[in-house]
Structure formats: C-alpha cells, structure tokens
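Trainee: I've got the sequence and the 3D view open, and I'd like to learn how the labels are earned. Can we go through them one at a time?

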Amino acid sequence: MADTFRPSDIPTLHLVDHPLIQHKLTIMRRRETGTKEFRELLSEIAMLMAYEITRDFPLRDVEIETPVAHCHAKMLAGKKLGIVPILRAGLGMLDGILNLIPAARVGHIGLYRDPETLAPVEYYAKLPRGIEDRTLIVPDPMLATGGSASAALTMLKDKGARSIILMCLVSAPEGIRRVAADHPDVPIYVAAVDDCLNEHGYIVPGLGDAGDRIFGTL
C-alpha cells in the first residue's frame, strides 16, 4: 500500500519541481531509455538541481573594473564548497554539479546496501581537506530506505563536517523520514517523491537500479 505522505510535514525537505527537471526525469524513468541517454540526463538534472540548491547562497560586495568603468558587483561569500558523491551511483551526478561549480573540491564515500538486512556497509572514504569549513553537497540518485544516506551524513559529521546538503533525484517517503529524523539539520533536495518501497527496498515506481543504468551493468 502506498504511504500517505505530505512533503510539507518535513521542514528540511525541498522538492525541486522545475518543468525541465520533471521532463528529463520522465525520460529517465522509461524502461527503454539506454545507458548513454540516462547518464546524460542525470548529469543535466544534477546541474539544474545544483542551480536551485545554491539559489540562497550568501553574496558579498566587491569592486571591479569592467572594460568600460569601475563597478560594484557581487560574488559568493561564506564557506567554500565540496561535493561528496555516494559511490557508485552518486558519481553520475558529479559532472553536472562540477559544470556549474568547477572550483568545488571532491570527495567520495563508498557504501553498499547489504542485500539481506538492507543495512549500509562502508567500504571507502576519501574527503577533501578542511571539510569543517566547507558546505558539502552529497549527491545520490536514489533515496530509498535512507540507510545509506543517513550513514554517509553521520560519517561526514564524525569527520568534522558542519554544513551538509543532501541531493537526491528520486525519493521514497521512508527514506525522507529516516534522514529527517536522524539529521534534522541537513536540507534534503529531491526531484521527486515516489509512492513507497517494495519488499526488496526498491522505490516504486522509481526508475530501477540507478547505478546499473548509469554504468550499463544490468
């Protein structure tokens, strides 16, 4: 049975429902969409979502010289950015974000879901220096049970991170509730909230296994 869920009940949840994102996501969901197109669309959506995520980033006043005159202008202020995709599927969102924010430092977290218990298991972590002074964007296409995302956020906090944003493409109510309960200080940005999880922990209707569809390992 589908879960009764109101996004407005989760104050940290942000639904990014731009028409271009929804159009591209629909194409990604199709069974017949091939690996190349799926990968390209995911990268494009990641860039569009990053644009929305950074909408309220603080600015500072600067003075510059244009070819015509002296002028007062704006530049980003505050913390530097880091991107920490959750392996392996999170890699599919990395290039799209870097296209928008090329100066961001990149780390990686390796987690997999135990097929029996569905619990996350960590197998790799490599992070940029100074994560305590950075705003970290953590991309992962699917927010299903929320176990892997919650574990990744806990690990980053244990290593000193203080400002984290979770970016997911498709989510289930179960995963949103889990992350919101475990990490009420972390904003969650998603492009879609689907109905529920099936007995295997997959999002319904979802789009299948994102990692397999990105890398052609179906």
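Trainee: Where does Lys 126 lie?

Mentor: Keep in mind that this is a predicted model. Lys 126 sits in strand β8, which covers residues 120-126.

Trainee: What makes Lys 126 count as exposed?

Mentor: Its relative accessibility is 53%. Exposed means over 50%, so Lys 126 earns the label. Lys 126 also belongs to a surface patch of positive charge, together with Lys 80, Arg 105 and Arg 129.

Trainee: Why is Asp 56 called exposed?

Mentor: Same kind of check: the relative accessibility of Asp 56 is 70%, and the cut-off is over 50%. You'll find Asp 56 in the loop between α2 (35-53) and β2 (59-65). The C-alpha atoms of Asp 56 and His 72 are 20 Å apart, with their positions 16 residues apart along the chain.

Trainee: Now the cysteines. How do you know that Cys 196 has no disulfide?

Mentor: Look at the sulfurs. The closest cysteine sulfur to that of Cys 196 belongs to Cys 168, and it is 17 Å away. A disulfide needs the two sulfurs within 2.5 Å, so this pair is too far apart for a bond. The disulfide count for the model is zero.

Trainee: Is Cys 196 buried or exposed?

Mentor: Buried: its relative accessibility is 13%, and buried means under 20%. Cys 71 comes out at 23%, so Cys 71 is partly exposed.

Trainee: What makes Lys 24 and Glu 44 a salt bridge?

Mentor: Their closest N and O atoms are 2.7 Å apart, and the rule asks for a nitrogen within 4 Å of a carboxyl oxygen. Lys 24 is in helix α1 (residues 19-29) and Glu 44 in helix α2, so the bridge ties together parts that are 20 residues apart in sequence. Lys 24 is buried at 18%, while Glu 44 is partly exposed at 33%.

Trainee: How many salt bridges are there in total?

Mentor: The count is 10. Another one of them joins Asp 133 and Arg 162, with 3.4 Å from N to O. Asp 133 is in the loop between β8 and β9 (134-139) and Arg 162 in the loop between α4 (147-158) and β11 (163-171), so that bridge ties parts 29 residues apart.

Trainee: Why does Arg 162 count as exposed?

Mentor: Arg 162 has 59% relative accessibility, over the 50% mark. Asp 133, at 45%, is partly exposed.

Trainee: Which residue forms a salt bridge with Asp 185?

Mentor: Lys 157, with 2.7 Å between the closest N and O atoms. This pair links distant parts of the chain, 28 residues apart: Asp 185 in the loop between α5 (173-182) and β12, and Lys 157 in helix α4.

Trainee: What makes Met 47 partly exposed?

Mentor: Met 47 has a relative accessibility of 31%, and partly exposed lies between 20% and 50%. Met 47 is in helix α2 and forms a nonpolar surface patch of about 270 Å² with Tyr 51 and Leu 100.

Trainee: Last one: why is the bond between Leu 87 and Arg 88 called cis?

Mentor: Check omega, which is about 0 degrees there. The peptide bond from Val 204 to Pro 205 is cis as well, with omega near 0 degrees. Most peptide bonds are trans. Arg 88 is in the loop between β5 (86-87) and α3 (91-100), and Pro 205 is in the loop between β14 (203-204) and α6 (210-215).

Key
Residues numbered from 1 in each chain as written. Predicted model: local features only at pLDDT ≥ 70, side-chain atom pairs only at ≥ 80, totals over all residues. Heavy atoms only, no water. Patch = residues over 30% accessible without salt bridge, like charges linked within 9 Å, V, L, I, M, F, W, Y side chains within 5 Å. Areas by Shrake-Rupley, 256 points an atom, 1.4 Å probe, with all protein chains shown as cover. Salt bridge = Lys/Arg side-chain N within 4 Å of Asp/Glu carboxyl O. Lys, Arg positive; Asp, Glu negative; His and termini not counted. Charge placed at Lys NZ, Arg CZ, Asp CG, Glu CD. Helix = DSSP H or I, 4+ residues; strand = E, 2+ residues; numbered from the N terminus. Buried < 20%, exposed > 50% of the residue type's maximum accessible area, 1.4 Å probe, protein only.
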